Amino acid sequence: MKNEGKVNTKEKGKNKTKKNEVGRKAFIVVKDLVKQFKNGNEVTSVLNGINLEIYKNDFTVIMGPSGSGKSTLLYCISGMDSITDGEVIYNDERISKYKEKQIAMLRRGDFGFVFQQMHLVSNLTLFENVAVPGYLKGGTTNAEVNKRAIELLETVGLKERMKHLPSQVSGGEQQRAAIARALIHSPNLIFADEPTGALNRKNTEEVLRLFTQINNYGQSILMVTHDVHVASRATRIIYIEDGAVVGEMNLSPYSEEQEKEREAEINEWLMSLSW
């Protein structure tokens, strides 16, 4: 397997990432992003001037030690958390300056979300959990939303389970329903925070196959994980430590035949970064 390029810049406070393929335009640009938390007079810095670009159709994974700021970075990019300084630019718009209503519109349209905890509504069927966000977005009829919800549930292998409540299906099936829900409004980017963290191995494989499938169809994904096996599905891995980007690895599209070799290569790279 050919590795398309690595950057190891083990220099605290400096964010150096490999320039992506010539001619590719980033649809998310993060500039000098700082995130701090205040507790009285004490200030804790979580992100320290992050510079990063996210490219359409990529499966990008963010990795790093516990407490490195992985999830915080994901939330800041998506607008789920405010930033202290810097900019987040999406399709040439400074969304870090958006008001809450504008951010909410992005979440209903351009961005989809999948979390470790599925956050399905317990008293709604899987079909209803998928369809309701489509009703809220507007711009399409309920009949069109219903049709898309059924198609998505079929895509994720849940058409026969769509009338079941979340409590009546497995954890892997719940997470697949959550992915279908994230896709209901055809988002430009799916944000995923440790989406397999609460799943057993079998259910993890089901969810990873689905993420790989939708990425192969052109869906852009930005995922946080601590699991090398999960990260092996990525086409690009960003490594952060102490709130700074310290390395980047670009990979060819995932191939099951090369899985062990791919994981070994990622592990070797992570060890070089003191993983």
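Helices in these legends are DSSP runs of H or I with at least four residues, strands are DSSP runs of E with at least two, and both are numbered from the N terminus. The model shown in every view is a predicted one.

**Figure 1. Helix α1 is largely enclosed by the rest of the structure.** Let us begin with a helix and its surroundings. Of the 9 residues of α1, 7 are buried, so the rest of the structure largely encloses this helix. The buried residues are Lys70, Thr72, Leu73, Leu74, Cys76, Ile77 and Ser78. After α1 comes Gly79, a residue with a positive phi near 85 degrees. The helix lies across the strands β2, β3 and β5, and runs at about 65 degrees to β3.

**Figure 2. Ser78 in helix α1.** Here we zoom in on one residue of the helix, which spans residues 70-78. Is Ser78 buried or exposed? Its relative accessibility is 1%, and because buried means under 20%, Ser78 counts as buried. Which residues does Ser78 touch, leaving aside its neighbours within four places in sequence? Its contacts are Phe111, Phe113 and Phe191.

**Figure 3. An open sheet of 4 strands.** The strands come in the order β3-β2-β5-β6, and their pairing is antiparallel. At the edges are β3 (42-55) and β6 (93-94), each of which pairs on one side only. Look next at β2 (residues 26-39) and β5 (residues 85-90), which are joined by 5 bridges in the antiparallel sense. One pair to find is Lys31 with its bridge partner Glu87 in β5.

**Figure 4. Strand β10 is covered on both faces.** This strand covers residues 236-241, and 6 of its 6 residues are buried. One side carries Arg236, Ile238 and Ile240, while the other carries Ile237, Tyr239 and Glu241. How does β4 (residues 59-63) run beside β10? The two strands run parallel and are joined by 4 bridges. Thr60 has Arg236 in β10 as its bridge partner.

**Figure 5. A hairpin made by β10 and β11.** The strand β11 takes in residues 244-250, and its pairing with β10 is antiparallel, over 6 bridges. Within this pairing, Tyr239 stands opposite Gly247 in β11. How many residues lie between the two strands of the hairpin? There are 2 residues between them, and Asp242 in the turn has a positive phi of about 50 degrees.

**Figure 6. The largest pocket, with a volume of about 380 Å³.** The lining is made of 14 residues, and those closest to the pocket centre are Arg107, Phe113, Pro133, Arg181 and His185. Which elements each supply at least two residues of this lining? They are α2 (100-109), β7 (111-115), α3 (126-137) and α5 (171-183). The largest share comes from β7, which gives 4 residues. Sorted by class, the lining has 8 nonpolar, 3 polar and 3 charged residues. One of the residues closest to the centre, Phe113, is also a contact of Ser78 from Figure 2.

**Figure 7. The largest cavity, with about 40 Å³ of space.** Rolling a probe the size of a water molecule over the atoms shows where empty space is left. How many cavities of 30 Å³ or more does a search of the whole structure find? The search finds 1. Around the largest cavity are Phe59, Thr212, Asn215, Asn216, Arg233, Thr235, Pro253 and Tyr254. Helix α6 (residues 201-216) gives the most to this lining, with 3 residues. By class, the lining residues are 3 nonpolar, 4 polar and 1 charged.

**Figure 8. Thr204 in helix α6.** We stay with the helix that gives the most to the lining of the largest cavity. Thr204 has a relative accessible area of 7% and is buried. Apart from neighbours within four places in sequence, Thr204 is in contact with Thr196, Leu199 and Val230.

**Figure 9. Glu154 in helix α4.** The helix in this last view runs over residues 142-155. How accessible is Glu154? Its relative accessibility is 48%, so Glu154 counts as partly exposed. In sequence, Glu154 and Ala180 are 26 residues apart, while in space they are 9.4 Å apart, C-alpha to C-alpha.

Technical notes:
Residues numbered from 1 in each chain as written. Predicted model: local features only at pLDDT ≥ 70, side-chain atom pairs only at ≥ 80, totals over all residues. Heavy atoms only, no water. 1 Å grid on protein atoms, 1.4 Å probe; cavity = no way out; pocket = protein on both sides within 12 Å on 5 of 7 lines; lining within 4 Å. Points joined across faces, edges and corners; volume = space filled by probe spheres on them. Nonpolar A, V, L, I, M, F, W, Y, C, P; charged D, E, K, R; others polar. Buried < 20%, exposed > 50% of the residue type's maximum accessible area, 1.4 Å probe, protein only. Contact = heavy atoms within 4.5 Å. Pairing = 2+ DSSP bridges. Axes fitted to C-alpha atoms, helices over the stretch in contact; angles between N-to-C directions.
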